[in-house]
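Subject: Structure handover

Hi,

Here is the structure I promised to pass on. Please open it next to this email and follow along.

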Amino acid sequence: MDAPVRMFSLAPWTPTPTPWLGGNTTATAEAKCVFNEEFKFILLPISYGIVFVVGLPLNSWAMWIFVSRMRPWNATTTYMFNLAISDTLYVFSLPTLVYYYADRNNWPFGEVLCKIVRFLFYANLYSSILFLTCISVHRYMGICHPIRSLKWVKTKHARLICVGVWLVVTICLI
């Protein structure tokens, strides 16, 4: 008995007619969009591997610089430090994703680690957006409202905002 042969189309998507399952139709067919995702088994492990190899030392170095060399912290430094923490947490999850995609969507690490990796991905996504927004608003206030921002843009406020960002992200993802 011959083993089934896997065939992959050369086109990135191929419409295939499939019958519509609802109603009393007999000959109605709709096109089903099938997307060839073979590229991800090569592209994603390489990309994630590069991001891990570059991201872990650079984010660690940035956090070390923030902690050991930059004193006193201002509001922007506080936001940037939290952004580096967010990126570092995501970078820690990348080796498992490299294995997952290199092994063609095989996840041997269990459900708990799967949920942790997805949590770190979305936590990084949302917290990065919010911390970059904080930096942008801080810059806007300093440039467009310099006098008014003197009493609003303080390191204490930045710390409270960062705690709020982490709480909002964590609560929204749980």
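Below is what I found, starting with the whole chain and then going to single residues.

**The chain as a whole**

Please keep in mind that this is a predicted model. The chain has 174 residues, and 25% of them count as buried. Its secondary structure comes to five helices and two strands. Start at the N terminus and the order reads β-β-α-α-α-α-α. Now take the contacts with a separation of 6 or more. Residues 24 or more positions apart account for 63% of these.

**Helix α1**

Find α1 at residues 40-68. This helix has 29 residues. From first C-alpha to last, α1 reaches 40 Å, close to the 42 Å expected at 1.5 Å a residue.

Where does α1 have a kink? Look at Gly55, where the chain bends by about 30°. The proline Pro57 follows shortly after the kink.

Several residues of α1 are buried, among them Tyr48, Asn59, Met63 and Phe66. Gly55, the residue at the kink, is buried too. Helix α2 (75-102) is part of what covers the buried residues of α1.

**Salt bridges**

How many salt bridges does the count come to? The answer is three. Take them one at a time.

Glu37 pairs with Lys40. Their closest N and O atoms are 3.2 Å apart. Glu37 is partly exposed because its relative accessibility is 38%. Lys40 has 15%, so this residue counts as buried.

Arg104 pairs with Glu38, at 2.5 Å from N to O. This salt bridge links distant parts of the chain. Arg104 sits in the loop between α2 and α3 (111-144). Glu38 sits in the loop between β2 (29-35) and α1. The two residues are 66 residues apart. Arg104 has a relative accessible area of 38%, so Arg104 is partly exposed. Glu38 has 22% and also counts as partly exposed.

Lys115 pairs with Glu111. Here the closest N and O atoms are 3.1 Å apart. Which helix holds this pair, and how many residues separate the two? Both are in α3, four residues apart, so about one helical turn lies between them. The general rule helps here. An α-helix has 3.6 residues a turn, so residues three or four places apart point the same way. Lys115 is exposed, with a relative accessible area of 54%. Glu111 is exposed as well, at 57%.

**Cysteines**

How many disulfides does the count come to? The count is zero. As a reminder, a disulfide is a covalent bond between the sulfur atoms of two cysteines.

Check the cysteines one by one. Cys114 is partly exposed, at 33% relative accessibility. Cys172 is exposed, with a relative accessible area of 63%. Is Cys134 buried or exposed? Cys134 has a relative accessible area of 14%, so this cysteine is buried.

Cys134 is in helix α3. Leaving out residues up to four places away in sequence, Cys134 touches Tyr79, Ile161 and Val165. There is also a distance to look up: the C-alpha atoms of Cys134 and Ala158 are separated by 8.5 Å. Those two residues are 24 residues apart along the chain.

**Two buried serines**

Ser127 lies in helix α3. Its relative accessibility is 0%, so Ser127 counts as buried. What does Ser127 touch, beyond residues up to four places away in sequence? The list is Ser86, Val165, Trp166 and Val169. You have met Val165 already, as a contact of Cys134.

Ser149 is in helix α4 (residues 146-152). Ser149 counts as buried because its relative accessibility is 6%. A polar atom of the Ser149 side chain lies 3.1 Å from the backbone oxygen of Pro146. Ser149 also touches Met141 and Gly142, again leaving out residues up to four places away in sequence.

**Where to look**

Begin with the kink at Gly55. Move on to the Arg104 and Glu38 salt bridge. Finish with Ser127 and its contacts, including Trp166.

Best wishes

Conventions:
Residues are numbered from 1 along each chain as its sequence is written. This is a predicted model: local features need pLDDT of at least 70, side-chain atom pairs count only at pLDDT 80 or more; totals for chains, interfaces and linings use all residues. Side-chain values use heavy atoms; hydrogens and water are left out. A disulfide is a pair of cysteine sulfur atoms within 2.5 Å. Buried means under 20% relative accessible area, exposed over 50%, partly exposed in between (1.4 Å probe, protein chains only). The expected span of a helix is 1.5 Å times one less than its number of residues. The bend at a residue is the angle between axes fitted to the seven residues ending there and the seven starting there. Contact means heavy atoms within 4.5 Å. A polar contact is a pair of N or O atoms within 3.5 Å; within protein, one must be able to donate a hydrogen and the other to accept it, and residues adjacent in sequence count only if both atoms are side-chain atoms. A salt bridge is a side-chain nitrogen of Lys or Arg within 4 Å of a carboxyl oxygen of Asp or Glu.
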